[in-house]
Amino acid sequence: MKLCHLADSHLDAGSGHSRRGKSGLTMRQEDIVNAFIEAIDRIIDIKPDICLHAGDLFDRVRPLNKIMAIAAEQLHRLAEQHSIPTVIISGNHDAPKQPYQGAALDVFRQIENLSVVSSGHLEKIFIGDVCIHAVPHCLTGELLQQELSKCIPDSSARFNILMVHGVAAGMPEFSMVDLGEQELPLSSFEGFDYVALGHFHNYSKVSSRAWYCGSTERTSQKERGIEKGFLEVDLEPFNVTFHKVHSREMVDLQAINAAGKRGDQLANIIREQVEAVESSDKIVRIRVEGVTEETLKTIPTEIISNLKQESFSLDISFQKAADNTGEQPFGRAAIGRFDLSFLEFLEVVDLKGFDRERLKTDALKYLGSEE
Ligand SMILES: [Mn+2]
């Protein structure tokens with residue numbers, strides 16, 4: 001019995017990237033889509049008995065139509081054309097925040113051989129003699145605990161598999177410090193032949209039979225240097241193999257100390273460092289510490305904007321001299337992060353009577369990040 005286990009594809013992430021590719025998506029959205037397609041190609045080659053996607057197929061509740069169409073094509077290819085029975089659950093990113101919204105995943109229910117689990121409740125799915133206990137993202141942590149307490153291995157099945165999306169409890173290293181993430185008590189994993197976990201983006205073993213397969217591409221600098229892909233799992237004898245897919249390199253440059261430097265000197269140091277890593281195909285981050293308002297005003301903006309032009313992605317964060325806590329960057333880089341957090345906040349807060357889309361558009365406008 002062979003499984004393939006993938007998760008956290010986060011399709012539609014990267015919408016804030018500044019350049020568009022041939023498809024019309026941003027080049028970063030294309031990266032994330034391509035990594036997912038590469039994983040599907042490899043899984044089709046492996047031809048497992050069952051394929052499991054453990055949540056966050058999409059980065060948000062309402063992905064672009066173009067992204068939905070790509071996901072449909074790939075899931076159709078995998079499950080229906082290549083007859084690989086596939087189960088997919090919702091995660092904290094793509095599960096609706098209000099039940100009436102329904103999940104984007106629901107439009108794939110017509111695909112043959114594909115089971116979509118997005119109801120907010122445990123669903124037991126039999127595939128041959130394997131019982132899959134699929135627990136999607138639930139509206140609250142309490143509801144999730146209730147559903148997990150119903151997950152009892154079925155003695156009529158040859159193998160019992162649990163699929164769930166969240167943070168293994170008591171193991172904060174598996175947190176994504178994400179809005180809406182939920183805890184999974186380790187006791188709920190007991191008695192299962194395999195536990196296919198989603199949420200934590202770096203593939204990791206939680207216990208001998210419970211694994212995070214990781215995401216198919218990197219979504220933050222925290223994942224820098226970590227290989228991305230999916231797991232091939234044999235149940236008898238038990239064996240787990242990681243398969244790597246291509247992902248774009250991320251670089252975190254050494255912080256620059258701005259103390260005593262003029263704006264032009266600082267810009268040249270930034271340029272040297274960025275050019276040294278050949279940033280044209282990389283996601284690069286650099287922090288400049290101890291910056292005064294005066295220095296910031298005298299930085300030649302054309303040097304910075306040229307560097308941004310030449311780099312695939314360049315995030316420069318300027319941190320104040322007086323209040324060098326590392327917590328309060330300023331400048332456009334800082335604003336860029338704040339608006340994203342605010343958009344995430346808008347997704348989860350109860351906006352009685354307000355137009356959510358309008359608020360988002362206005363927020364982007366006033367927070368200054370609308371290009
Ligand atoms: Mn997640």
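D12 is buried in this predicted model, its relative accessible area being 1%. Because the limit for a buried residue is under 20% relative accessible area, D12 falls within that class. The residue belongs to the loop that runs between β1 and α1. Beyond its neighbours up to four places away in sequence, D12 is in contact with Q29, D59, R60, P63, L64 and I67. A separation of 8.6 Å is found between the C-alpha atoms of D12 and E30, which stand 18 residues apart along the chain.

**The sheet that contains β1**

Six strands form an open sheet in the order β4-β3-β2-β1-β13-β14, and their pairing is mixed. At its edges stand β4 (114-117) and β14 (238-245), each of which pairs on one side only. On average, neighbouring strands of this sheet are turned by 20° against each other, direction ignored. Helix α1 (residues 27-46) packs on the sheet, where it touches β1 (2-6), β2 (50-53), β13 (228-235) and β14. The direction of α1 makes about 140° with that of β14. Helix α2 (residues 65-81) lies across β2, β3 and β4 and runs at about 140° to β3. Strand β3 (residues 86-89) runs parallel to β4, to which it is joined by four bridges. Within this pair of strands, V87 has S115 of β4 as its bridge partner.

**The sheet that contains β10**

A further open sheet of six strands, again with mixed pairing, follows the order β5-β6-β7-β10-β12-β11. Its edges are held by β5 (123-127) and β11; each has a single partner strand, so one side of each lacks a neighbour in the sheet. From one strand to the next, the twist averages 20°. Strands β10 and β12 (residues 210-212) run parallel and are connected by three bridges. Here L197 is placed opposite Y212 of β12.

The two parallel pairs described above are set out below.

| Strand pair | Bridges | Opposed residues |
|---|---|---|
| β3 and β4, parallel | Four | V87 and S115 |
| β10 and β12, parallel | Three | L197 and Y212 |

**The manganese site**

The manganese ion has four named protein donors: D56 through OD, N92 through OD1, H165 through NE2 and H199 through ND1. These donors lie 2.1 to 2.3 Å from the ion. Along the chain they follow the spacing D-x35-N-x72-H-x33-H. Distant parts of the chain are linked by the pair D56 and H199, which are 143 residues apart. D56 is located in the loop between β2 and α2, whereas H199 is located in the loop between β10 (194-198) and β11 (204-207). Both D56 and H199 are buried.

**The internal cavity**

The structure holds one cavity of 30 Å³ or more. The space in the largest cavity amounts to about 30 Å³. Its lining consists of L6, F36, I40, C51, H53, L75, L78 and T86. The elements α1, β2 and α2 each give two or more residues to this lining. Both α1 and β2 also take part in the packing of helix on sheet, since β2 is among the strands that α1 touches. Helix α2 likewise lies across β2.

Terms used
Residues numbered from 1 in each chain as written. Predicted model: local features only at pLDDT ≥ 70, side-chain atom pairs only at ≥ 80, totals over all residues. Heavy atoms only, no water. Pairing = 2+ DSSP bridges. Axes fitted to C-alpha atoms, helices over the stretch in contact; angles between N-to-C directions. Contact = heavy atoms within 4.5 Å. Donors = N, O, S within 2.8 Å, 3.2 Å for Na, K, Ca; no water. Buried < 20%, exposed > 50% of the residue type's maximum accessible area, 1.4 Å probe, protein only. 1 Å grid on protein atoms, 1.4 Å probe; cavity = no way out; pocket = protein on both sides within 12 Å on 5 of 7 lines; lining within 4 Å. Points joined across faces, edges and corners; volume = space filled by probe spheres on them.
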